[in-house]
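Visitor: I'm new here, so could you walk me through this one and tell me how you know what you say?
Guide: Happy to. Have a look first, and then ask away.

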Amino acid sequence: MSVQVKDFKSDLKPIWCPGCGDFGVLQAMYRALSAVGRPPHEIAFVSGIGCSSRIPGYTTAYGFNTVHGRALPIAQGIKLSRPDLLVVAAGGDGDGFSIGGGHVPHAIRRNPDITYIVMDNHIYGLTKGQLSPTSSRGLATASSVYGSLEDPVNPLLYVLAYGARFVAQSTPADMPGLAAVIEEAIRFPGFAFVNVQSPCITYGQPEAQLKQHKAEMVPVASVGHNPANRLAAMALAQEYGKVLYTGVLYRDPDPGPTFEQAVAERHRAQAGSTSRAQVLDVFTVR
Amino acid sequence: MRDLTIGMAGAGGDGVVSAGESLITAAAAGGYYGILTKSFGPQIRGGESSFRLRMSTSPVHTPGGVLDVAIALNWDDFLRFGAELPIDGHTIFIYDAQYPPAPSAWSGVTPAEVIAAPIAAIARELAGHDGAKNTVVLGLLAEWFGILPDGLLTGLRKRFGKKGAEVLARNERAFEAGRRYAIEHPIAGAARLDPARRPGETPAPMLLADGNEMCAAAAIFAGCTFFGGYPITPSTEIMQFLGRELWKHGGVVLQAEDEIAGAGAAVGASFAGRKAMTATSGPGMSLKTEMLGLASIAELPLVCVNVQRGGPATGMPTKSEQADLFQAVFSAHGDLVRPVLAPTSVADTFATTVEAFNIAEQYQTPVILLSDGEIGQRKEVVDPIDTRRFSIVERRRPSPRELESYVRYAFTETGVSPISEPGMAGGAYLASGIEHNEQGAPTASGALHARMNAKRIGKLEPLARWPGAVTVSGEPDAPIALIAWGSVAGVAREALRLAERRGVHAKLLVPTLLYPIPQGAYADFLASVRAGLVVEQSHQGQLYRLLRMFVDLPDGLGSFARSGANPFAPTEIVERLVELAQALQRARVPEVGVAID
């Protein structure tokens, strides 16, 4: 039974501003999920808080719009207890690299088969235009009227440095490319990170909107990049904020076991050796 | 003698705690009831340590009061545990002859007997090793007080057998040497422990566990298959036990990167259809508050254990306190009610943990299990638990018919709506921390928000009428009452019995359900009450104040509260009860407890 794009569209109307990049991410999600072919009820789509974190509600998957920054721990609890599910986590750059930044390295090192999509707009949109962790130095916002005094986080370098096995970047300006990297991320057997440059039409920089993305983006294939080379990927990642590279920056050619595969291995070794009714036997003194 | 309390202290490496564990294991094997509490200095490794062990031929509820037998391997270390190891004129005091106490050390107390035993000398001479001092002491106790020489020897063989023939032989020699010394140097008038069983009696074997292990085992029994947590004293043993046992039952244990993630993963597992638990202590509880709120609004079952320690902030990690009650009840933004349950002993931790899971699943709510360091970390010998008498509740899942037009947060008569889980066709919905309508779609409607609050809070109303919410004992019509919870409940229970012997008829209410307050049960209990005490280990008297919010308390019911790390003795509660009884006889309502406000 094949699934179509329409099977993933929910009845809810997005609250996003007209022209928001997140519409494109949603379209790409529909395409990627229908291409992967799992029915919506076998998918858990988890998000944090922010404009972009509304995304699960616009799909027909089991959605969980959690609290700010905690999509990854909750997604891991789902995946570990139900490895049969397809689990996707999503959120904004504040969710993933500010309030929830501490969870990212641990998801990476555990390597659950979860796809994590960050919609990176360099601004806090839902609270109406404050600095985000990826805002550039000097950026004047509602919370930095004289300009930011801080350097931005580099999400690509961050996850590569922690050992992420799949790292991609794209933009809704390249819909086929975005849908393709999300699909590839979902199909990747392990933790996969996709940074989507998803501009904020309302509070973002006018010179960094989809039109400019379309003109400026550089597919990694066009510079002869080998995605099996982590150091080469890190060299491209260094250009974050300067060059908009799109495509798969890194894909581990030997991705190793996922967390849930290791759990299954543990269960094969341990499970079934006792029953719940016997649980107090360990306390019995004879 | 039917009840014997032994205390022992020494330096790091003296094996004091291991001697305590040998004793309680032998006691359990011999059919005695017992409670073992351990206490340590602040050092990570080494440093002074102590235990106190109460053994009895009948069930015990407290670690005992003044020591019957005190053993100091080292006088300075013994003094460091002065509050935990009190002695008086009936105590038999044994110390290692190589460290004689200064005469001033007794500070006004004259023990019944003071015995200088050459403990280290015996260990060195016969075992060739100072490290066998603790085993020499076991030999002394076996002969002087009749404590289970065979059981101790069996225990030694189990414990040291794994460490090689040489280590075992050394300890067997030390044990026998201790016994021989005791036989050659009898203590005049030393009472010996009565046998626990009549000849020929072979009851079912006893259980030996601490409260944390018991909590973890109960979680497995209740069907928990996911645990997310983070190490923190004094709750870590819950995660450690599950890390060993839960895998065997097909479950998963995640040591998370922080307290929030541990709770978050458990919330995720619950969303995915599994029974899930997280556990922590004070500071971790502050962090978990976020996930507890999420579980409340998303209506996801979750058990969150808080093994209380002294606070606030880092507070006193190794000392027990009951000062997290306000936090358990009130720490949340927004309107919510979540059930708070408290176990009163190691054995009771089993039943209360199972109940916590049942309530969580039945009402689709987070439940806080408010244990304390005393219960969590003390070892108790208890009667075998018949697990067949417990029923296990599963969450209400949608029927195939309900899945045809599924509405996750449907308004129902009970307020509980069928809950689907990923994988169920037709059951997909949006769970969220944002206010939502019946379908789960986000809403900013005040009217819907009010109805959803009413649903989420109203669905818990039947809990207040739960028969297991409180346990009442004593004289049903007594005018004098005690109310106590958690580890203090055991002390109150013992105080009630002692007061009876002094001619004071009183009764006791112990709440298992701390919140929501079972108002009817309190009203029934208090109908005959003119005076009494709410006894608890917090500076503010948190339960007393909470009750004042919800229950019409008699004027004569006051608070008897003190900060953690200062245990209550049954005798001091008895004294208060006697005073109350005398005041009532003089026909006036007494002023009791600490002043409030």
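Guide: Let's start inside chain A, in a model that is predicted. In β8(A), A168(A) has V194(A) as its bridge partner.

Visitor: What makes β7(A) and β8(A) a pair, and which way do they run?

Guide: Two strands count as paired once there are at least two bridges between them. Here five bridges link β7(A), residues 166-170 in the strand list, with β8(A), residues 192-197, and the two run parallel. Another residue of β7(A), V167(A), sits opposite F193(A) in β8(A).

Visitor: How does the chain get from β7(A) to β8(A), and which hand does the crossover have?

Guide: The chain goes through helix α6 of chain A, residues 175-187, and this β-α-β crossover is right-handed. The name fits because, with the strands pointing away from you, the path over the helix runs clockwise.

Visitor: Which other strand pairs with β7(A), and in what sense?

Guide: That would be β10(A), residues 245-251: four bridges, in the antiparallel sense. Opposite V167(A) in β10(A) you'll find Y250(A).

Visitor: Why is β7(A) called largely enclosed?

Guide: A residue is buried if 20 or more other C-beta atoms lie within 10 Å of its own. Five of the five residues in β7(A) are buried, so the rest of the structure largely encloses this strand. F166(A), A168(A) and S170(A) point one way, V167(A) and Q169(A) the other way, and all are buried.

Visitor: What about β8(A): how many of its residues are buried?

Guide: Six of its six residues, so "mostly covered" suits β8(A). A192(A), V194(A) and V196(A) face one way and F193(A), N195(A) and Q197(A) the other way, all of them buried. β8(A) is also joined to β4(A), residues 114-120, by six bridges, and these strands run parallel. M119(A) has V196(A) as its bridge partner there.

Visitor: What makes α2(A) "mostly covered"?

Guide: This helix covers residues 71-81, and 11 of its 11 residues are buried. Among them are P73(A), I74(A) and L80(A).

Visitor: Which element gives the largest share of the side of chain A that touches chain B?

Guide: First the contacts: 45 residues of chain A are in contact with 53 residues of chain B. β2(A), α2(A) and α9(A) each give two or more residues to that side of chain A. The largest share, eight residues, comes from α2(A).

Visitor: Over in chain B, how do you know the length of α19(B) agrees with a helix?

Guide: At 1.5 Å a residue, its 16 residues (570-585) should span 22 Å, and the end C-alpha atoms are 23 Å apart, so the two agree.

Visitor: Why say that the buried residues of α19(B) line one face?

Guide: The buried ones are P570(B), I573(B), V574(B), R576(B), L577(B), L580(B) and A581(B). Looking down the axis, they fall within an arc of 160°, so they line one face of the helix. In general, an α-helix has 3.6 residues a turn, so residues three or four places apart point the same way. The elements they pack against include β17(B), α16(B) and β18(B).

Visitor: How many residues of domain 1 of chain B are in contact with domain 2 of chain B?

Guide: 12 residues of domain 1 of chain B are in contact with six residues of domain 2 of chain B. On the domain 1 side, β2(B) gives the largest share, six residues.

Note on methods:
Residues numbered from 1 in each chain as written. Chains lettered and ligands numbered in written order. Predicted model: local features only at pLDDT ≥ 70, side-chain atom pairs only at ≥ 80, totals over all residues. Buried ≥ 20, exposed ≤ 12 C-beta atoms within 10 Å, placed from the backbone. Expected span 1.5 Å × (residues − 1). Arc of directions from axis to C-beta. Contact = placed C-beta atoms within 7 Å.
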